[in-house]
Amino acid sequence: MRRRFREGDAVTFDFAPMVDIVLLLLIFFFLTSNLGARQNALPLDLPRASTTVQETPALPIVSVDRGGKVYLNGKETTLTRLGGQLKPLLGTSGGVVGLRADERGNYGTVVRVMDEIKKAGGERLALGTRTAPARGK
């Protein structure tokens, strides 16, 4: 039997499902907003190049700062531990590793890092640069 609406009955609205959806959206935006912050976490003075390509978020990024410290995805590591930490990440990136090194850093350290990447199974390097300013005519 159908229940008939009477003027005395109050209409209610359940806010619980709407609050759940808003919280899920908020969590989604918090998680996705941190993905881009990883690339610029270290203050590196990258060399300039006339053309640059955007890094892919799935790429493992190895960084070398001016003092010769080595970082993997923004977390400090050592040369001896780099290979072991890098091996599991190479499967998802297809053997491509991003390498960002400070322009005024130690060239020898960068070469040793490249050697460790090769030993870990890295097949190709994506070198990090910044865009060179346009030249005036």
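The points below comment on a predicted model, moving from one helix and its neighbouring strands to the nonpolar core and the aromatic pairs.

1. Helix α2 covers residues 79-93, and its length is consistent with its residue count: at 1.5 Å a residue its 15 residues should span 21 Å, and the end C-alpha atoms lie 20 Å apart, which agrees. The agreement in span should be read together with a kink of about 40 degrees at Lys87, a position that comes shortly before the proline Pro88. Just after the helix, Gly94 adopts a positive phi of about 70 degrees.

2. The buried residues of α2 are Leu82, Gly83, Leu86, Leu90 and Ser93. The spacing of such a set can be read against the geometry of the helix, because an α-helix has 3.6 residues a turn and residues three or four places apart therefore point the same way. The buried residues of α2 pack against the strands β2 (61-64), β3 (70-72), β4 (75-77) and β5 (96-101), and also against helix α3 (107-120). Leu82 may serve as an example, since, when residues up to four places away in sequence are not counted, Leu82 touches Val62, Val70, Leu72, Thr77, Val113 and Glu116.

3. Strand β2 pairs with two other strands, running parallel to β5 over 4 bridges and antiparallel to β3 over 3 bridges. In the pairing with β5, Ser63 has Arg100 as its bridge partner, while in the pairing with β3 the bridge partner of Val64 is Val70. Ile61 and Ser63 point one way from β2, Val62 and Val64 point the other way, and all of them are buried.

4. The hairpin formed by β2 and β3 has 5 residues between the strands, and within this hairpin Gly68 takes a positive phi near 95 degrees. Gly68 also appears among the contacts of Thr109, which touches Val64 and Gly68 once its neighbours within four places in sequence are left aside. Thr109 itself is found in helix α3, and it counts as buried because its relative accessibility is 7%, where the limit for that class is under 20%.

5. The largest nonpolar core has 14 residues, of which Val62, Leu82, Leu86, Val97, Val113 and Ile117 touch the most other members. Each of β2, β3, α2, β5 and α3 supplies at least two residues of this core, and α3 gives the most, with 4 residues. As general background, nonpolar side chains tend to be buried together in soluble globular proteins.

6. The structure holds 2 aromatic pairs. In one of them, the rings of Phe13 and Phe15 have centres 5.0 Å apart and planes at 80 degrees, so the pair is edge-to-face. Phe13 counts as exposed, at 57% relative accessibility, whereas Phe15, with a relative accessible area of 48%, is partly exposed. The rings of Phe28 and Phe29 have centres 5.4 Å apart and planes at 65 degrees, so this pair is edge-to-face as well. Phe28 counts as partly exposed, at 46% relative accessibility.

Conventions:
Residues are numbered from 1 along each chain as its sequence is written. Side-chain values use heavy atoms; hydrogens and water are left out. The expected span of a helix is 1.5 Å times one less than its number of residues. The bend at a residue is the angle between axes fitted to the seven residues ending there and the seven starting there. Buried means under 20% relative accessible area, exposed over 50%, partly exposed in between (1.4 Å probe, protein chains only). Contact means heavy atoms within 4.5 Å. Two strands pair if DSSP finds at least two bridges between them. Rings of Phe, Tyr and Trp (its six-membered ring) pair if their centres lie within 6.5 Å; planes under 30 degrees apart count as stacked, over 60 as edge-to-face and the rest as tilted. A nonpolar core is a set of buried Ala, Val, Leu, Ile, Met, Phe, Trp, Tyr and Cys residues joined through side-chain atoms within 4.5 Å.
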